[in-house]
Amino acid sequence: MLLERLWTGIRRYVPIPVYPLLSPLYRWRQRAHLKVLEKEDQAYIEAHGSLPVPPAELRYRVVGECTIERFINSGEQTVEDIENALEAVDRSLADVRDFLDFGCGCGRLLLALKNRDFTFRVSGCDVDERTIRWCQEHLETAECLVNDALPPTPYQPDSFDLIWCGSVFTHLDEQRQDLWLAELHRIQKPGGLLLASVHGPHAWQPRLPAWTIAKLKEQGILYAKMGAFSGMHPDWYQVAWHTEAYIREHWASFFNILGYLPQGFNNHQDIVVAQKRD
Ligand SMILES: C[S@@+](CC[C@H](N)C(=O)[O-])C[C@H]1O[C@@H](n2cnc3c(N)ncnc32)[C@H](O)[C@@H]1O
């Protein structure tokens, strides 16, 4: 607890290249957090009965410290966030027939969609085999598959009206981002929408040192190895931050950028609303 508070106080002064050296500390912290989460799960299940929610360890890998209650609520919130982003460009979920949750993790959004009365076809994919196995076993309303770390996906061209990417481009380097933007463009229907979350200014402020923010503003994008995911995710899965100007210019080589919603995703990450050109 004391260490946590100390870290929160000093992290904005710690240069990014130092982070990978902190991997052992992060691993120790992961184990401590997981123990607490597992205890909280037990108490929640005793009070509410068993629910179709992934176990603490899977949730932790995908969304960090996230109680059962928070997992359910943030999934519900994501549906609202998607509805708000669509409304901002005069569209709605009622227009959608084929929906893809790209990087669906252990089904936070897919679970919320299952509990609602939508009529569109729902697909989900992720590179993480274990999370997809959980989705396949528990979320029969969605068709889920494992995709490779690099494109292509097995989907046919022009497959989806709406693709949601919740906190995926926040973890890839620029080259991978470009490869995936091209692939998402390929599998999107003409005129279809991509909603993708990114780490915009709200996500930079409490964490990044001032000189790193200056570099990010200059480059428009920054990708860094953080050590926080060591032992949990592949080495390419790190952290990326963006500026809105970069998105509007760089992503425009793939899409028409229709909107940019600061803190549109769970009140933290920004949402980019991008449309495939006909
Ligand atoms: C921070 S998690 C968010 C998961 C989910 N979207 C949510 O909001 O609960 C990022 C997810 O993206 C997945 N991911 C990262 N790169 C990917 C890629 N190239 N293809 C598919 N999934 C990817 C990771 O495995 C992880 O499950």
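Two residues count as in contact here if their C-beta atoms, placed from the backbone, lie within 7 Å. Keep that cut-off in mind for the helix pair that follows. The model is predicted.

Start with helices α2 and α3. In α2, the residues Q30, H33, L34, L37, E38 and D41 meet A56, E57 and Y60 of α3. By character, the residues of this contact divide into four nonpolar, two polar and three charged. Two packed helices are described by the angle between their axes and the distance between the axes. Here α2 spans residues 23-48 and α3 spans residues 56-63. Their axes come within 9 Å and cross at roughly 130°. That angle is why α2 counts as oblique to α3. The crossing of α2 past α3 is right-handed.

Next, the sheet. Strands of a sheet pair through backbone hydrogen bonds, either parallel or antiparallel. This sheet is open and has seven strands, in the order β3-β2-β1-β4-β5-β9-β8. Its pairing is mixed. At the edges stand β3 (142-146) and β8 (255-265). Each has a single partner strand, so one side of each is left without a neighbour in the sheet. On average, neighbouring strands are turned by 15° against each other, direction ignored.

Two pairs show the mixed pairing in detail. Strands β4 (residues 160-165) and β5 (residues 188-198) run parallel and are joined by five bridges. In this pair, C165 stands opposite A196 of β5. Strands β8 and β9 run antiparallel, with seven bridges between them. There, F265 stands opposite Q269 of β9. The hairpin of β8 and β9 has three residues between the strands. In that hairpin, N266 takes a positive phi near 50°.

Helices lie across this sheet. Helix α6 (residues 129-138) lies across β2 and β3. Its direction is at about 160° to β3. Helix α7 (residues 174-187) lies across β1 (98-102), β4, β5, β8 and β9 (269-276). Helix α7 runs at about 145° to β5.

Now follow the loop between β3 and β4. Most residues other than glycine have a negative phi, and most peptide bonds are trans. Two features of the backbone deserve a look against that background. A cis peptide bond joins P151 and P152, with omega about 5°. P152 lies in the loop between β3 and β4. D158 is found in that loop too. Although D158 is not a glycine, its phi is positive, at about 55°.

Finish at the ligand. Which residues come nearest to the ligand? Of the 19 residues around it, they are G103, G105, R108, G166 and S167. Helix α3 and strand β2 (121-126) each supply at least two residues of the shell. The residues of this shell divide into nine nonpolar, seven polar and three charged. Helix α3 thus appears in two places: it meets α2, and it supplies residues around the ligand. Strand β2 also has two roles in this picture: it belongs to the seven-stranded sheet, and it supplies residues to the shell around the ligand.

Note on methods
Residues numbered from 1 in each chain as written. Predicted model: local features only at pLDDT ≥ 70, side-chain atom pairs only at ≥ 80, totals over all residues. Axes fitted to C-alpha atoms, helices over the stretch in contact; angles between N-to-C directions. Helix = DSSP H or I, 4+ residues; strand = E, 2+ residues; numbered from the N terminus. Parallel < 35°, antiparallel > 145°, perpendicular 65-115°, else oblique. Left-handed = near helix turned anticlockwise from the far one by under 90°. Nonpolar A, V, L, I, M, F, W, Y, C, P; charged D, E, K, R; others polar. Near = placed C-beta within 6 Å. Pairing = 2+ DSSP bridges.
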